[in-house]
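Colleague: Before we go through this model, could you show me how to read its buried side chains?

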Amino acid sequence: MKSISFIWQLPLCLLLCVAAQAAENWPQFRGPSGQGISDAMNLPLKWSATENVKWTTPIHGKAWSSPVIWKDQIWLTTATEDGHELSVIKVDKNSGKILLDKKLFDIANPQYCHPFNSYASPTPLVEEGRVYVTFGSPGTACLDMATGNVIWERRDFVCNHFRGAGASIYVWNDMLFLPFDGSDFQFVAAMDKNTGKTIWKTPRSIDFQDLTNGKPLNDGDMRKAFSTPRIADFGQGPFLISEGSKCIYAYDPMTGKELWRIEYRAAHSGSATPLIGKDRIYYCTGHQQPEIWAVKPGGHGVLNDSMIDWKSKKAVPTRSSPILVDDLIYFVADNGVVSCIQASDGKDVWRGRIDGTYSVAPIYANGRLYFFNESGKATVLASGRQLKILAENQLGDGFMGGPAVSGDALYLRSKSALYRIEAKQPLAAADGASSAR
């Protein structure tokens with residue numbers, strides 16, 4: 001599977017292939033493009049415990065990872081609440097039947113994990129014949145999709161995740177990328193996806209100093225991050241975008257050489273996945289002082305404010321990722337304040353409130369935005385320049401992992417179950433805007 005940075009720049013034949021694959025497969029965190037965009041035309045608008053639920057499958061353990069889909073298979077990770085057992089589960093997409101429930105790692109002395117997090121929060125990645133799973137430092141593995149047999153595993157990366165792991169796997173060409181941002185060590189590793197062998201390992205370069213007194217920041221939270229990396233290409237060759245604590249980095253994906261970085265020392269513990277726009281990178285700075293920054297790509301070394309196009313400071317999330325649709329960016333703050341701003345300049349378009357507390361990034365499909373809260377409520381909004389609530393749906397015991405899409409169905413993982421949500425008679429037309437990036 002090859003990463004795609006700008007689907008609107010692809011040749012028509014390749015674009016059609018990508019669209020066909022996206023309709024069936026949801027292979028990684030935030031979907032085929034890594035930006036939460038689905039090309040599905042008939043996702044359900046309304047559902048409940050008794051409406052539009054095709055099947056429900058209980059899932060054991062405590063895990064905030066998202067489901068991923070390849071053809072007729074759904075893959076998830078899970079863990080015991082105490083972190084001693086780390087497992088992978090395969091579910092039949094059509095029936096909801098569990099096809100494989102395999103314990104991958106026994107952990108004698110688990111690291112501390114904050115109760116808000118889980119020991120299985122990173123999302124797997126699937127491609128033809130292969131499944132890649134990670135639990136951070138406790139273990140990363142590649143499995144044969146047909147048998148569930150382990151092809152390779154790595155348990156030697158040393159990192160105290162401090163609050164628990166969060167960054168998901170990212171694959172590009174034959175390389176697998178995984179950040180490790182802990183209280184003791186902070187680095188990005190690139191592995192050969194076929195063998196698991198390390199290709200490069202690059203330490204984070206920021207000094208983690210308190211600029212007010214010049215002393216090191218020894219608080220583990222100041223060094224933590226949870227963000228999943230992305231490949232971007234703005235015509236000068238591909239580079240890996242990876243957000244650590246207090247800094248976002250660009251690396252040469254082949255060598256691991258740091259190309260540039262932008263520091264934001266007022267915030268820490270970046271969690272959201274960066275957005276790759278047509279000519280900018282958009283990302284959230286993290287906890288303590290959450291902001292969205294729009295960065296012009298390019299340059300070398302430590303970049304100054306001249307590379308920052310704009311900043312937005314109102315109601316920015318600390319956990320969930322924004323979503324870019326046409327030239328608008330939508331996001332929901334932890335407390336349910338939902339916003340729409342212009343991607344070109346960061347100016348407000350609208351702002352409102354939807355019920356609940358939010359950790360999950362929204363998804364977009366055919367003019368609709370789907371938001372899922374920690375209590376099991378899903379609010380569907382129309383995309384566009386006016387706030388319009390289309391539906392509110394309640395199901396399950398809360399969403400901490402993101403949704404997946406395949407065909408005309410939503411696959412939702414609550415805190416205790418996996419659901420297939422599908423309208424019996426799909427609608428033929430959308431309710432809102434059209435194309436997306």
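**Buried charge and nonpolar cores**

Modeller: Let us begin with a polar contact, a pair of N or O atoms within 3.5 Å, of which, within protein, one must be able to donate a hydrogen and the other to accept it, while residues adjacent in sequence count only if both atoms are side-chain atoms; here the side chains of Glu-243 and Tyr-264 are joined by one of 2.4 Å. This is a predicted model, in which local features need pLDDT of at least 70 and side-chain atom pairs count only at pLDDT 80 or more, whereas totals for chains, interfaces and linings use all residues. Residues are numbered from 1 along each chain as its sequence is written, and side-chain values use heavy atoms, with hydrogens and water left out.

Colleague: Which side chain of opposite charge is nearest to Glu-243, and how far away is it?

Modeller: Lys and Arg count as positive and Asp and Glu as negative, with His and the chain ends not counted; the nearest one is Arg-204, 8.7 Å away. Glu-243 is buried (under 20% relative accessible area, 1.4 Å probe, protein chains only), yet has no salt bridge (a side-chain nitrogen of Lys or Arg within 4 Å of a carboxyl oxygen of Asp or Glu).

Colleague: Why does Arg-223 count as buried?

Modeller: Arg-223 counts as buried because its relative accessibility is 13%. Its C-alpha is 5.5 Å from that of Ser-183, although the two are 40 residues apart in sequence.

Colleague: Which residues have the most contacts inside the largest nonpolar core?

Modeller: In soluble globular proteins, nonpolar side chains tend to be buried together. The largest nonpolar core (buried Ala, Val, Leu, Ile, Met, Phe, Trp, Tyr and Cys residues joined through side-chain atoms within 4.5 Å) has 34 residues, and those with the most contacts inside it are Trp-47, Ile-74, Tyr-370 and Leu-410. A second, separate core of 21 residues includes Trp-75 and Phe-135.

Definitions and conventions
Buried < 20%, exposed > 50% of the residue type's maximum accessible area, 1.4 Å probe, protein only.
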